[in-house]
Amino acid sequence: MALASLLLSLGAAEVGLRLYEAWRLASGGTLRDQLERSRRTSLDHAGAGGSFRLGGLVQPSYHGELVFELKPRLDGYFKGGTLRTNSWGFRGPELELEKRPGTRRIVGLGDSFMFGWGVNQDETYLVLLEEALNARGGPRFEVLNLAVPGYNTTMEVEAFATKGVAFEPDLVLIHFFLNDVGLPYFMQE
């Protein structure tokens, strides 16, 4: 009974996300067009070097429920760990929107835990996951880190709908933490 309930819930979530995505596409061009417009606009605000505080990592977002997002092309230190963001504003190496044939993509959605708060660039658990999967042989894996400190579940869903879907993921990992049901801690009273 529990398994049937889980499968039914996942199926309903899938249908809901597909309907939501269809509505979003109808209201502003293709998802890829919207993402590329946002990327070009964000590149004007990129920064590099030095040590960042949380406010220096983020910028206002043009995507509805996101409120804020990581700045693209950052390169420096955050909370003692190395930090680099790519031109898409994700923590990690540069990547193409189109995935190469034979490549499997995993998108990670979460807050500061998945982002890797204070962890070196090559020590986040999504980087370690990618390395472990690729060490096994077989298809090549790319693991995208769309996590942003302070995100809650609503913002994670919006990040997937406005950005993650365009990268054609084969699997989505969600890092849920108890504070995900509320406002980001720095937006609370």
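Helices are DSSP runs of H or I with at least four residues and strands are runs of E with at least two, both numbered from the N terminus. The model is predicted: local features need pLDDT of at least 70, side-chain atom pairs count only at pLDDT 80 or more, and totals for chains, interfaces and linings use all residues. Residues are numbered from 1 along each chain as its sequence is written, and side-chain values use heavy atoms, with hydrogens and water left out.

**Exercise 1. Fold outline**

State how many helices and strands the chain has, and in which pattern they follow.

Solution.
- Step 1. The chain contains 6 helices and 8 strands.
- Step 2. Along the sequence they appear as α-α-β-α-β-β-β-β-β-α-α-β-α-β.
- Step 3. Take buried as under 20% relative accessible area, exposed as over 50% and partly exposed as in between, with a 1.4 Å probe and protein chains only. Of the 189 residues, 41% are buried.
- Step 4. A contact means heavy atoms within 4.5 Å. Among contacts with a separation of 6 or more, 67% join residues 24 or more positions apart.
- Step 5. Accessible areas come from the Shrake-Rupley method with a 1.4 Å probe, and for residues only the protein chains shown count as cover. The chain exposes about 10400 Å², of which carbon and sulfur atoms supply 61%.

**Exercise 2. Aromatic pairs**

Count the aromatic pairs and describe the pair F78 and F115 and the pair W88 and F167.

Solution.
- Step 1. Rings of Phe, Tyr and Trp (its six-membered ring) pair if their centres lie within 6.5 Å; planes under 30 degrees apart are stacked, over 60 edge-to-face, and the rest tilted. This rule gives 5 aromatic pairs.
- Step 2. F78 and F115 pair edge-to-face, with 6.2 Å between centres and 80° between planes.
- Step 3. F78 belongs to strand β4 (residues 75-78) and F115 to helix α4 (residues 112-115), so this pair links distant parts of the chain, 37 residues apart.
- Step 4. F78 is buried at 2% relative accessible area, and F115 is buried at 0%.
- Step 5. For W88 and F167 the ring centres are 5.3 Å apart and the planes stand at 90°, so the pair is edge-to-face.
- Step 6. W88 is in the loop between β5 (81-84) and β6 (103-109), and F167 is in the loop between α6 (153-162) and β8 (171-174), 79 residues apart. Both W88 and F167 are buried.
- Step 7. Ring pairs also link F78, F115 and W117 into a cluster.

**Exercise 3. Pocket and cavity**

Describe the second largest pocket and the second largest cavity by volume and lining.

Solution.
- Step 1. On a 1 Å grid over the protein atoms alone, a cavity is a set of points where a 1.4 Å probe fits but cannot get out; a pocket is an open set with protein on both sides within 12 Å along at least five of seven lines; lining residues have an atom within 4 Å of a point. Points are joined across faces, edges and corners, and a volume is the space filled by probe spheres set on them.
- Step 2. The second largest pocket holds about 360 Å³. Its lining has 23 residues, and P93, L95, E130, E142 and V143 are the closest to its centre.
- Step 3. Both α5 (125-135) and β7 (140-145) supply at least two lining residues; β7 gives the most, with 6.
- Step 4. Count Ala, Val, Leu, Ile, Met, Phe, Trp, Tyr, Cys and Pro as nonpolar, Asp, Glu, Lys and Arg as charged, and the others, Gly among them, as polar. The pocket lining then has 8 nonpolar, 5 polar and 10 charged residues.
- Step 5. The whole structure has 2 cavities of 30 Å³ or more. The second largest has a volume of about 60 Å³, and its lining comprises 7 nonpolar, 2 polar and 2 charged residues.
- Step 6. Residues lining this cavity include L70, F90, A147 and K163.

**Exercise 4. The surroundings of A147**

Place A147 in the chain and list its contacts beyond neighbours within four places in sequence.

Solution.
- Step 1. A147 is in the loop between β7 and α6, and at 0% relative accessibility A147 is buried.
- Step 2. Beyond those neighbours, A147 contacts L70, G108, G110, D111, M114 and F115.
- Step 3. A147 and V107 are 40 residues apart in sequence, with 9.2 Å from C-alpha to C-alpha.

**Exercise 5. Positive phi**

Locate K79 and E168, and give the phi and exposure of each.

Solution.
- Step 1. Most residues other than glycine have a negative phi.
- Step 2. K79 has a positive phi of about 55°, sits in the loop between β4 and β5, and is exposed at 52% relative accessibility.
- Step 3. E168 has a positive phi near 50°, lies in the loop between α6 and β8, and is partly exposed at 35% relative accessibility.
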